[in-house]
Amino acid sequence: MVAVGLSLYTKDIKLVQDTALGVWAGFALTGMNEMATKSITSIIDGFANGFGKTEDKKTE
């Protein structure tokens with residue numbers, strides 16, 4: 001936020017571009033981290049549950 005204000009004050013366009021690129025990269029990496037975490041969790045859960053073994057569920 002400080003970088004954007006400073007770049008607007010000094011009229012330095014490159015600083016605004018670098019800040020926007022940094023924000024975009026941060027969002028992209030956050031998404032990749034979430035995707036990897038969910039994938040790894042589902043694989044671990046699959047091992048724990050036997051990858052689709054069907055168990056007879058008793059209804060009461």
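Me: Buried means under 20% relative accessible area. What share of the 60 residues in this predicted model counts as buried?
Reply: Just 3% of the chain's 60 residues count as buried, so that is the share falling under the 20% cut-off. As for the surface, the chain exposes about 5,800 Å², with carbon and sulfur atoms supplying 66% of it.

Me: Why is methionine 32 called exposed?
Reply: Exposed takes over 50% relative accessible area. Methionine 32 comes in at 51%, so it counts as exposed. You'll find methionine 32 in helix H2, residues 13–49.

Me: What makes Leu29, Met32 and Met35 a nonpolar patch?
Reply: Patch members need over 30% relative accessible area and no salt bridge, and nonpolar side chains such as Leu and Met are joined within 5 Å. Leu29, Met32 and Met35 form such a patch on the surface, and together they have about 350 Å² of accessible area. In an α-helix, there are 3.6 residues a turn, so residues three or four places apart point the same way.

Me: How do you know that the span of H2 is close to the expected one?
Reply: The expected span is 1.5 Å times one less than the number of residues. For the 37 residues of H2 that gives 54 Å, and H2 reaches 54 Å from its first C-alpha to its last, so the two agree closely.

Me: What follows H2?
Reply: Glycine 50, with a positive phi near 80°.

Notes. Residues numbered from 1 in each chain as written. Predicted model: local features only at pLDDT ≥ 70, side-chain atom pairs only at ≥ 80, totals over all residues. Heavy atoms only, no water. Patch = residues over 30% accessible without salt bridge, like charges linked within 9 Å, V, L, I, M, F, W, Y side chains within 5 Å. Areas by Shrake-Rupley, 256 points an atom, 1.4 Å probe, with all protein chains shown as cover. Salt bridge = Lys/Arg side-chain N within 4 Å of Asp/Glu carboxyl O. Helix = DSSP H or I, 4+ residues; strand = E, 2+ residues; numbered from the N terminus. Buried < 20%, exposed > 50% of the residue type's maximum accessible area, 1.4 Å probe, protein only.
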